[in-house]
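Q: I have not looked at this structure before. Could you take me through a few of its features?

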Amino acid sequence: MIFKVVTLAVIPIKESVTIRETLPMHVACHCAILGYVYSDLRIHWTIDNKVWRDYGITVPIAVNVDHIPAVNRSHHGTWRCVAQQVDLNFKWTTNVIRVKVLAPPNWRTYLMEDKLTRPIFGWMPSEEFVAYSALAMIIFLICCILICSILHIRFRESLKINATRKGKRARFATGKNTTEHTFVKTEDENASFTPANSKSLHGTYNVQSRVKDSKIHTNVNQSKPRSTKVINKWSRKLFNKTGSLRKDWNSKFKSTRDETLERMNLITKSDPDK
């Protein structure tokens, strides 16, 4: 036969529950065992010795656990669950909880409390420190992205410049070989020069000079490559040399014709009968 039941509730030194506003919370009274011994129990919760919720006379197992959908500042303090048998004047404290309510959650608190970011931001002392640290990290990432983008663009431009230089060198080498070939061919033609083909050669160079003049007028605003300048230089030299050869041939032809006329006159004078 049971005469009296004694309960033991340990009052914690530190906060047993730390929670932020607007978050849900469960509180357990641990009074269900008294319902098996006593009846007509009156159960209520107190916060800092002020009644928070009074269930009245009820079955302990029905109110053993209570749910709070959104915690606020009024829930901060020391919670006590009290069970009372009014007829026998018995009173038990079945549970004591220290609840610490913090400010509502925000992006800074999520960084401090989330499992993934807690190793980075969890040790920081305040939310302001977290905000400044996050801003510094964002600026650092933006600077890294900008620097990498600039280096990538410069690298691409250097590749284009190197390709352009290689193309110019190849065109210059091709133009130089063509100029040397043309010069050798011109020397061979000058060595085999005869009065019979001087007129055709002179006409060919007149056509070439007219074509060159038309090209100069159409490309007046364009920069000439080095190979074109070299070709034009050798072409002018060749044209001047051909002109001098043509003049020499004309002078020789005139002297030969004068000598022939003089000889014919002498023959005519020496033989008047004929």
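Q: Where is Pro125 found?
A: This is a predicted model. In it, Pro125 sits in the loop that runs between helix H2 (118-121) and helix H3 (127-191).

Q: Is Pro125 buried or exposed, and why?
A: Pro125 is exposed, because its relative accessible area is 68% and the cut-off for exposed is over 50%.

Q: How far apart are the C-alpha atoms of Pro125 and Met112?
A: They are separated by 9.7 Å. Along the chain, the two residues are 13 residues apart.

Q: Turning to the largest nonpolar core, which residues touch the most other members?
A: Those residues are Met25, Ile43, Trp45, Trp79, Trp92 and Val99. The core has 22 residues.

Q: Which strands each supply at least two residues of this core?
A: Strand S2 (25-28), strand S3 (41-47), strand S6 (77-85) and strand S7 (90-102) do so. S7 gives the most, with 5 residues.

Q: Where is the other core in relation to this one?
A: The other core lies apart from it and has 5 residues, including Leu111, Met112, Met124 and Val130.

Q: Back to Trp79: what is it in contact with, leaving aside neighbours within four places in sequence?
A: The contacts of Trp79 include Met25, Val27, Trp45, Trp52, Ile68, Asn95 and Val99.

Q: Which residues does the "transmembrane region" annotation cover?
A: According to the unreviewed UniProt entry, the annotation covers residues 129-151.

Q: What is that span made of in the model?
A: Residues 129-151 are 100% helix and 0% strand, and the end C-alpha atoms of the span lie 33 Å apart.

Conventions:
Residues numbered from 1 in each chain as written. Predicted model: local features only at pLDDT ≥ 70, side-chain atom pairs only at ≥ 80, totals over all residues. Heavy atoms only, no water. Helix = DSSP H or I, 4+ residues; strand = E, 2+ residues; numbered from the N terminus. Buried < 20%, exposed > 50% of the residue type's maximum accessible area, 1.4 Å probe, protein only. Core = buried A, V, L, I, M, F, W, Y, C linked by side-chain atoms within 4.5 Å. Contact = heavy atoms within 4.5 Å. UniProt positions renumbered as here; feature names shortened; annotations may be inferred.
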